[in-house]
Amino acid sequence: PLAYERLSAATWLLVVCFAFGRDPSPRKINLGVGAYRDDDGAPYVLPSVREAEARVTARALNMEYLPVAGHAGFLSKAMDLAYGEGAVPEGLASVQTLSGTGACRLAGDLLARFAGGDKAADGADGRPLVLLPNPSWANHAAIFRDAGCAVGTYTYYEPSTKSLNLEGMLRDLRDAPRGATVLLHACAHNPTGVDPDAEAWGEISAAVADAGLHPLFDMAYQGFTSGDPAVDAAAVRRFVADGHAVVLAQSFSKNFGLYGHRVGALSVMTGDAAAAAAVSSQLCILGRPSYSNPPLHGVRLVDEVLGDAALAAQWREEVAGMATRIAGMRTALVAALADAGSTADWRHVTDQNGMFCYSGMSADTVARLAAEWSVYLTSNGRISMAGVTSKNVGYLAEAMHAVTKD
Ligand code: PMP
């Protein structure tokens, strides 16, 4: 058995993949990795993206460097996708980034360079404070810490109800130091799958405004919650409508299946064109010594898909297809658990959104799943629903029931 409790969630992912690779069982299941899989458990290249790639390749384009700010056509389409066509805020600074991770890091770099020194907003030692939900994506704390920010947390998930602790969250936001940055998952919260509903977002928006906090949205799963990218951007758009100066990190890894191509964007609402130009310029100054200029191929594919109405419509259907398959697996898992004889309450499996299910299983239970059933997930009990298929869901339910029944 593996010593789950001694490893961080991020390290665990590596261990899970390694242990999974060595396990000879033909029934083994990898539910650790946060990448979409089709119903055969295979990586999925969206047909719309394949078509875009064929068209781009056929043009035999050159492979020169992009400007440090990135691909202009991609950026304008990315902003339309996030904020809504015709609704992109005035004075928005935007740059292409190395996917969502790079967007978060650049936001952290910007904060570290310009937001420090405001006593009220600082962490104990003068670094700008970034507040993360508890829990958050395992990489967030390291990203902002390495950028030079202080990292704190706010109440988010309530283990006893397996849902949002809205009261605790609002209290923590209201008590936060004025001027601090609050990171919000726009949709499909990782790792819990628990998102605020529209009413809760309204209360969160008011609390962020009252407390004088700066909202930083991380939108890594636009389209994965509802199947509709516009619906999944509702929280971001609501904050814009409520008058916040939103900062937004976008990833195209999941919704375009472009994981390895590192396609993302960071946008910063500044209010006017002159300030936007100044912020864009500073973002480029930060990007230049870090990666010089962003990657070319993936953004050409997104630009091609979103620039062609028919291909964009096809892409929307494919995103909806991924969301629907995952939602279907949630329902199938709950039904299979009942069939296996489980009398536990698994309603949270279907209540939660996006790619992950925060199962509530303990680290010990997760260790038993690996040792006795060859079912691998991270020690926090997070199941990547993308790894569940119509072929393995029955076996998974049997395994989950066996390790949770007493
Ligand atoms: N934010 C969140 C919440 C994520 O779950 C992920 C991916 N696991 C990312 C950002 C970044 O992914 P990428 O760098 O591939 O866009």
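Reader: What makes A371 count as partly exposed, and where is A371 placed?

Author: In this predicted model, A371 is in helix α14, residues 363–373. A371 has 14 C-beta neighbours inside 10 Å. A residue is buried with 20 or more and exposed with 12 or fewer, so 14 puts A371 in between, and A371 counts as partly exposed.

Reader: How far apart are A371 and P177 in sequence and in space?

Author: A371 and P177 are 194 residues apart in sequence, and 45 Å lie between their C-alpha atoms.

Reader: Where is P135, and why is P135 called partly exposed?

Author: P135 is in the loop between β3 (129–134) and α5 (140–147). Within 10 Å of P135 there are 19 other C-beta atoms. Buried starts at 20, so with 19 P135 is still partly exposed.

Reader: Which residues is P135 in contact with, leaving aside its neighbours within four places in sequence?

Author: They are Y157, P191 and T192. A contact needs C-beta atoms within 7 Å. Going by C-alpha atoms instead, P135 and Y157 are 7.0 Å apart in space, with their places 22 residues apart in sequence.

Reader: What makes β9 largely enclosed by the rest of the structure?

Author: Strand β9 covers residues 247–251, and 5 of the 5 are buried, so the strand is largely enclosed. Both faces are covered. V247, A249 and S251 are buried on one side, and L248 and Q250 are buried on the other.

Reader: How do you know that β9 pairs with β8 and with β10?

Author: A pair needs at least two bridges. Strand β8 (residues 214–219) is joined to β9 by 4 bridges, and the two run parallel. For example, L216 has V247 of β9 as its bridge partner. On the count for β10 (residues 263–269), 5 bridges join that strand to β9, and these two run antiparallel. There, L248 has S267 of β10 as its bridge partner. With 4 bridges and 5 bridges against a cut-off of two, both count as pairs.

Reader: Is β8 enclosed or open, and what makes you say so?

Author: Strand β8 is largely enclosed by the rest of the structure, because 6 of its 6 residues are buried. H214, L216 and D218 are buried on one side of β8, while P215, F217 and M219 are buried on the other. Strand β7 (residues 181–185) pairs with β8 in the parallel sense over 5 bridges, and one of the links has H185 with D218 of β8 as its bridge partner.

Reader: What order do the strands of the sheet take?

Author: The open sheet has 7 strands, in the order β2-β10-β9-β8-β7-β3-β4, and its pairing is mixed.

Reader: Why are β2 and β4 said to stand at the edges?

Author: Each of them has a single partner strand, so one side of β2 and one side of β4 (150–155) are left without a neighbour in the sheet. From one strand to the next, the twist averages 25°. As for the partner of β4, strands β3 and β4 pair in the parallel sense over 6 bridges, and L129 has A150 of β4 as its bridge partner.

Reader: Why is helix α11 called mostly covered, and what covers its buried residues?

Author: Helix α11 spans residues 297–306, and 9 of its 10 residues are buried. Among them are G298, V299, R300 and L301. The cover includes α2 (47–58), α3 (72–83), β2 (92–98), β10 and α12 (309–339).

Reader: Which residues come nearest to the ligand, and what classes make up the shell?

Author: There are 13 residues around the ligand, and S99, G100, T101, S251 and S253 come nearest. By class, the shell has 3 nonpolar, 9 polar and 1 charged residues. Helix α4 (residues 99–114) gives the largest share, 3 residues.

Reader: How do you know that the protein is as compact as a globular protein of its length?

Author: The protein has 15 helices and 13 strands. Its radius of gyration is 21 Å, close to the 22 Å that the globule rule gives for 406 residues, so the protein is as compact as a globular protein of that length. Of the 406 residues, 48% count as buried. Among contacts between residues at least 6 apart in sequence, 75% join residues at least 24 apart.

Notes:
Residues are numbered from 1 along each chain as its sequence is written. This is a predicted model: local features need pLDDT of at least 70, side-chain atom pairs count only at pLDDT 80 or more; totals for chains, interfaces and linings use all residues. A residue is near a molecule or strand if its C-beta atom, placed from the backbone, lies within 6 Å of it. Ala, Val, Leu, Ile, Met, Phe, Trp, Tyr, Cys and Pro count as nonpolar, Asp, Glu, Lys and Arg as charged, and the others, Gly among them, as polar. Two residues are in contact if their C-beta atoms, placed from the backbone, lie within 7 Å. Axes are lines fitted to C-alpha atoms, for helices over the stretch in contact, and angles run from 0 to 180 degrees between N-to-C directions. The radius of gyration is taken over C-alpha atoms; the globule rule is 2.2 Å times the number of residues to the power 0.38.
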